[in-house]
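Colleague: I'm new to this one and would like a close look at a single part, the largest pocket. Could you walk me through what lines that pocket and what sits around the lining?

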Amino acid sequence: VALERALRLTGNQEVAAGVDLQSLKGTFDEEIRTIEETIEKAAAVRDEHIEALDPADAERIEKIDKSLDGVADDFRIYKKNAGEVWAAITANQTLPAGSISELQASQGKLRRDLETIAQDIALVTADAGIQAGKIETRSMLMLSLVAIIGIVGGLAGSLVVGRLISRPLTK
């Protein structure tokens with residue numbers, strides 16, 4: 001957003017004169033660091049939990065894993081393209097031919113990859129919710145069976161104890 005704003009403003013020299021491009025560059029750099037940290041955290045969470053996953057989900061998880069690597073690669077390309085554009089903007093130079101189209105292409109690919117990974121994660125999350133519901137249902141059934149067995153066992157035990165006590169009294 002900061003880069004697009006800088007591009008828009010530098011096209012209008014009257015507006016650009018009152019704009020602090022270094023401030024916009026600082027905002028852009030902060031956004032880049034946040035995205036890089038998020039990608040690193042996602043990779044760390046993936047690496048930490050990959051062993052605990054159900055092997056049946058391996059194919060879906062592998063797809064997400066590849067998507068995450070693709071996002072990281074696409075982001076590096078976007079960052080490189082954006083860096084070239086920022087260098088030209090801050091040096092008050094004419095943008096290199098094709099730099100904007102390369103930037104837009106890398107941004108579009110990154111957006112598509114992010115949408116894909118979000119959809120993949122949503123599918124895995126939905127399946128996990130369904131599996132959790134099935135496990136809850138099975139657990140409730142098992143708990144009900146244990147309770148019924150406990151009640152029947154308690155009744156049988158009380159009948160036996162009652163007979164043992166009442167038999168001597170009737171004699």
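Modeller: Here is a tour of the pocket, starting from the whole chain and ending with one charged residue.

Keep in mind that this is a predicted model. The chain has five helices and zero strands, so reading from the N terminus you simply get α-α-α-α-α. Out of 171 residues, 21% are buried. If you take the contacts in the chain with a separation of 6 or more, 71% of them are between residues 24 or more positions apart. As for the outside, the accessible surface is about 12300 Å², and carbon and sulfur atoms account for 61% of that.

Now to the pocket itself. The largest pocket has a volume of about 760 Å³. It is lined by 30 residues, and those closest to its centre are Ala42, Leu68, Val71, Leu114 and Ile117. Three elements each give two or more residues to the lining: α3 (21-49), α4 (58-90) and α5 (99-170). Of these, α3 supplies the largest share, with 10 residues. What is the lining like by class? It has 21 nonpolar residues, along with four polar and five charged ones.

Next, have a look at how nonpolar residues group together in this model. The largest nonpolar core has 14 residues, and the members that touch the most others are Phe28, Phe75 and Tyr78. The elements giving two or more residues to this core are again α3, α4 and α5. Here α4 gives the most, with eight residues, whereas for the pocket lining the largest share came from α3. There is also a second, separate core of five residues, with Ile64, Leu68, Ile117 and Val124 among them. Two of those names should ring a bell: Leu68 and Ile117 also came up among the residues closest to the pocket's centre.

That second core leads nicely to the last stop, Asp120, which you'll find in helix α5. Is Asp120 buried or exposed? Asp120 counts as buried because its relative accessible area is 8%, and the cut-off for buried is under 20%. Which residues does Asp120 touch, once you set aside its neighbours within four places in sequence? The contacts are Lys63, Ile64 and Ser67. One of these, Ile64, is a member of the second core you just met.

So if you open the model, try going in that order: the pocket with α3, α4 and α5 in its lining, then the core to which α4 gives the most, and finally Asp120 in α5.

Conventions: Residues numbered from 1 in each chain as written. Predicted model: local features only at pLDDT ≥ 70, side-chain atom pairs only at ≥ 80, totals over all residues. Heavy atoms only, no water. 1 Å grid on protein atoms, 1.4 Å probe; cavity = no way out; pocket = protein on both sides within 12 Å on 5 of 7 lines; lining within 4 Å. Points joined across faces, edges and corners; volume = space filled by probe spheres on them. Helix = DSSP H or I, 4+ residues; strand = E, 2+ residues; numbered from the N terminus. Nonpolar A, V, L, I, M, F, W, Y, C, P; charged D, E, K, R; others polar. Buried < 20%, exposed > 50% of the residue type's maximum accessible area, 1.4 Å probe, protein only. Contact = heavy atoms within 4.5 Å. Areas by Shrake-Rupley, 256 points an atom, 1.4 Å probe, with all protein chains shown as cover. Core = buried A, V, L, I, M, F, W, Y, C linked by side-chain atoms within 4.5 Å.
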